[in-house]
Amino acid sequence: MKQSFPRPVRGVAATAALAAVLFAAAAPATAAGAGVPGADAPAVPLRVATYNIHAGAGEDGVFDLDRTARALRDLDADVVGLQEVDVHWGDRSDFVDEARALAGKLGMRVFFAPIYDLDPAAEGGERRQYGVAVLSRYPVTEAENHEITRLSTRTPDPVPAPMPGFAEVTVNVRGAQVHVCSTHLDHRADPSVREAQVADMLDVLAADRGPKILVGDFNAEATAPELASLWQRLRDADPGGGGTYPAVDPVKRIDLVAVSPDITVAGAEAVATEASDHRPVVTDLRIRRRGR
């Protein structure tokens with residue numbers, strides 16, 4: 001389901017079961033600077049991160065959303081794709097709306113895209129949701145929760161089927177309209193579902209014009225065969241980067257940032273922190289504004 005917003009975006013409430021859109025305080029002036037697009041306009045910087053937050057629990061298994069927020073703040077990213085986000089989900093995260101809470105702590109806008117949307121745990125309670133999100137310092141002009149192929153973890157003997165939870169936002173970065181997607185791919189050893197998910201994501205991205213950034217927990221390393229088709233359209237922002245999982249002594253690089261060819265990568269780093277069981281990856285990008 002797609003949401004379109006007039007500029008500037010303010011106080012948008014959740015309006016659909018498949019896509020909750022929440023915005024925090026206005027972005028800082030440094031992130032909302034207006035620029036006039038033009039052929040000779042200089043590239044604008046954009047710091048982007050991806051982080052599987054493990055529902056707010058650290059490598060120690062302790063739920064501490066303030067610790068999660070500190071780890072995110074230390075990244076100093078303009079846009080962050082989050083995975084494993086709980087919204088009133090259960091005891092493990094104190095039934096907190098993590099998407100809204102993190103946005104409030106960081107002073108950022110947020111789009112939450114549930115994978116699962118379940119009835120309340122008790123009559124009169126909030127719906128229980130789990131999924132991915134995108135935080136942004138910049139104005140968000142459109143947001144959509146796309147379906148991709150998934151194997152449900154909520155039903156016995158699941159079969160691959162379209163399910164929501166592929167978040168896409170369009171961010172106005174000083175006049176450049178940038179598409180940013182957050183994803184969380186299947187964790188099972190069988191790569192066939194991830195292969196189908198990659199194909200679905202590429203179909204979504206093919207419908208977009210302009211710069212594209214895909215971040216997430218791919219549950220596969222960049223060299224995995226099921227990700228091969230991804231690199232025909234995008235490129236790995238940190239091909240020589242360090243591991244991201246587990247957070248302590250990582251042995252796999254499965255948290256990735258991928259960008260379209262028109263985006264310049266100025267730097268990338270997997271950041272050591274134990275605020276989750278994954279390490280975040282932060283990248284410094286340069287976005288070229290297009291002429292009118």
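This is a short chat about the cores, a strand and the aromatic pairs of a predicted model.

Visitor: Which residues touch the most other members in the largest nonpolar core?
Guide: Leu46, Val169, Val178, Ile213 and Ile287, out of 28 residues in that core. Strand S8, residues 161-173, gives the most to this core, with four residues.

Visitor: What does Ile213 touch?
Guide: Leaving out residues up to four places away in sequence, its contacts include Leu46, Val48, Val178, His179, Val257 and Leu285.

Visitor: And which residues does the second core include?
Guide: That separate core has 24 residues, among them Val85, Leu106, Met108 and Phe112.

Visitor: Switching to S6. How many of its residues are buried?
Guide: Nine of nine, over residues 128-136.

Visitor: Which strands pair with S6?
Guide: S4 (residues 79-87) pairs with S6 in the antiparallel sense over seven bridges, and S5 (residues 109-118) does so, also antiparallel, over nine. Val79 has Ser136 as its bridge partner in S6, while Phe112 stands opposite Ala133.

Visitor: How many aromatic pairs are there?
Guide: Three. In one of them, Trp89 and Tyr116 are tilted, 6.5 Å centre to centre with 35 degrees between the planes. Trp89 is in the loop between S4 and helix H2 and Tyr116 is in S5, so this pair ties together parts 27 residues apart in sequence.

Visitor: Why is the pair of Trp89 and Tyr130 tilted?
Guide: Because the planes of Trp89 and Tyr130 are at 50 degrees, with ring centres 5.8 Å apart; tilted covers angles from 30 to 60. Trp89, Tyr116 and Tyr130 form one aromatic cluster.

Visitor: Is Trp89 buried or exposed?
Guide: Buried, at 9% relative accessibility. Arg128 lies over the face of Trp89, 4.6 Å from the ring centre.

Note on methods. Residues are numbered from 1 along each chain as its sequence is written. This is a predicted model: local features need pLDDT of at least 70, side-chain atom pairs count only at pLDDT 80 or more; totals for chains, interfaces and linings use all residues. Side-chain values use heavy atoms; hydrogens and water are left out. A nonpolar core is a set of buried Ala, Val, Leu, Ile, Met, Phe, Trp, Tyr and Cys residues joined through side-chain atoms within 4.5 Å. Buried means under 20% relative accessible area, exposed over 50%, partly exposed in between (1.4 Å probe, protein chains only). Helices (H or I, at least four residues) and strands (E, at least two) are DSSP runs, numbered from the N terminus. Contact means heavy atoms within 4.5 Å. Two strands pair if DSSP finds at least two bridges between them. Rings of Phe, Tyr and Trp (its six-membered ring) pair if their centres lie within 6.5 Å; planes under 30 degrees apart count as stacked, over 60 as edge-to-face and the rest as tilted. A charge sits over a ring if NZ of Lys or CZ of Arg is within 6 Å of the ring centre and within 35 degrees of the ring normal.
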